[in-house]
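Me: I have a model open and would like to talk through its side-chain contacts. Could we start with rings and charges, then move on to the core?

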Amino acid sequence: ARKAETPSLTHRTFSAQCGYKSSGGVSLLMSGRRRMSRDAAARVGKALDLTLSEREHLRRMVEFSLADEFEERASILRSMTAAKRFAEDWRGTVEAYEFYRDWTAPVLRELVSLPDFKEDPEWIAARVHKKIRTRDARAALTRLLRTGYLERDKDGALRLSSPIIATKSELQSEPLKNFHREMMKLAGEALDTQGRDQRDMRVITMAISESQAARLKAMLTHFHKEVLEVVAGDEPIETVYQLNTQLFALTDPPDAPAHTEAALAEEEA
């Protein structure tokens, strides 16, 4: 946008405005090949003559990108909606973090569909296979209502606001990864806590081509669509199940870059 106002603006002149001796650093930032540091955020904010609220929002975005812990990132996201100007842009991502912060909210959301469901934290805590605390059930229900994943009908009873949840933001990949980790842990525990009539675990270790891997991914995508068609069938709901499918590489392809300590150090730098 600044270059559209000033066509003569170049990476070199903008780097100088940011206080850098070389244009390389700013170029890497703008191409996404280097994460912005706190110092860089301050320099860029000053060079772009951002307002105080804009600089503060930029600082929070940088803090978000630098944070390692899921809860820390979620806390920063919530603070980013404090300014009304930016709240709407981040609302969907914040809601995703709230929904996927642990495994209880998605499970309780589906539990609402059961015909014998009771909006009673004690009943919920007792009904979930992996026992949860009453206060956690209460907190999950509050979170689901606040973020709009549940709503109340005209009689005040809980119901799903939408039968299917679809992700919209690239940043939502982070809470989804957290949710996958949680569910894989539960799958491991199910090996010891559930009989074969309640679970189905299958593992195939195979040597294949990259082309075959792509075909398998397409097959899994088609399979998941068929699962959703079955789930949408008009049959009485009796219990909540979790279906996990994982396809991942155990070795690197021949043309992959070597993961030596020197290479990893260079990537990090």
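**Rings, charges and cores**

Reply: A place to begin is Arg43, whose charged end sits over the ring of Tyr20 at 4.5 Å from the ring centre. Please keep in mind throughout that this is a predicted model.

Me: And Arg73, which ring does that one lie over, and at what distance from the centre?

Reply: Arg73 lies over the face of Phe64, and the distance to the ring centre is 4.2 Å.

Me: Ok, rings with rings now. How many aromatic pairs does the structure hold?

Reply: There are 5 aromatic pairs in the structure. One of them joins Phe99 and Tyr100 in an edge-to-face arrangement, with the centres 4.7 Å apart and 75 degrees between the planes. Phe99 and Tyr100 are both buried, and together with Tyr149 and Phe179 they make up one aromatic cluster.

Me: What about Phe117 and Trp123, what's the geometry there?

Reply: Phe117 and Trp123 also form an aromatic pair, edge-to-face, with 5.7 Å from centre to centre and an angle of 90 degrees between the planes. Both of these residues are buried.

Me: Switching to salt bridges. How many are there?

Reply: The count comes to 17 salt bridges. Among them is the one between the side chains of Arg59 and Glu63, with an N to O distance of 3.9 Å; these two residues lie in helix 5, which spans residues 52-66, and they are 4 residues apart, about one turn of the helix.

Me: Are those two buried or exposed?

Reply: They fall into separate classes, because Arg59 has a relative accessible area of 38% and is therefore partly exposed, while Glu63, at 17%, is under the 20% limit and so counts as buried.

Me: Which other residues are linked with them in a network?

Reply: The network of salt bridges links Arg59 and Glu63 with Arg38, Glu56 and Arg60.

Me: Any salt bridges elsewhere? What are the distances for Arg133 with Asp136, and Arg159 with Glu151?

Reply: The side chains of Arg133 and Asp136 meet in a salt bridge at 2.9 Å, N to O, and those of Arg159 and Glu151 do so at 3.0 Å, again N to O. As for accessibility, Arg133 is partly exposed at 47%, and Asp136 is partly exposed as well, at 27%. Arg159, with 40% relative accessibility, counts as partly exposed, and Glu151 is also partly exposed, with a relative accessible area of 28%.

Me: Now the inside. How many residues are in the largest nonpolar core, and which have the most contacts?

Reply: The largest nonpolar core has 25 residues, and Leu108, Phe117 and Ile124 are those with the most contacts inside it. The elements that contribute two or more residues to this core are helix 7 (84-100), helix 8 (104-111), helix 9 (121-127), helix 10 (134-146) and helix 11 (173-193).

Me: What does Ile124 touch, leaving out residues up to four places away in sequence?

Reply: With those left out, Ile124 touches Leu108, Leu111, Phe117, Lys118, Ala137 and Leu141. Two of these names have come up already, since Leu108 and Phe117 are listed with Ile124 as the residues with the most contacts inside the largest core.

Me: And the second core, how many residues does that have?

Reply: The second core is separate and has 11 residues, including Ala74, Met80, Trp90 and Tyr97.

Methods. Residues are numbered from 1 along each chain as its sequence is written. This is a predicted model: local features need pLDDT of at least 70, side-chain atom pairs count only at pLDDT 80 or more; totals for chains, interfaces and linings use all residues. Side-chain values use heavy atoms; hydrogens and water are left out. Rings of Phe, Tyr and Trp (its six-membered ring) pair if their centres lie within 6.5 Å; planes under 30 degrees apart count as stacked, over 60 as edge-to-face and the rest as tilted. Buried means under 20% relative accessible area, exposed over 50%, partly exposed in between (1.4 Å probe, protein chains only). A charge sits over a ring if NZ of Lys or CZ of Arg is within 6 Å of the ring centre and within 35 degrees of the ring normal. A salt bridge is a side-chain nitrogen of Lys or Arg within 4 Å of a carboxyl oxygen of Asp or Glu. A nonpolar core is a set of buried Ala, Val, Leu, Ile, Met, Phe, Trp, Tyr and Cys residues joined through side-chain atoms within 4.5 Å. Contact means heavy atoms within 4.5 Å.
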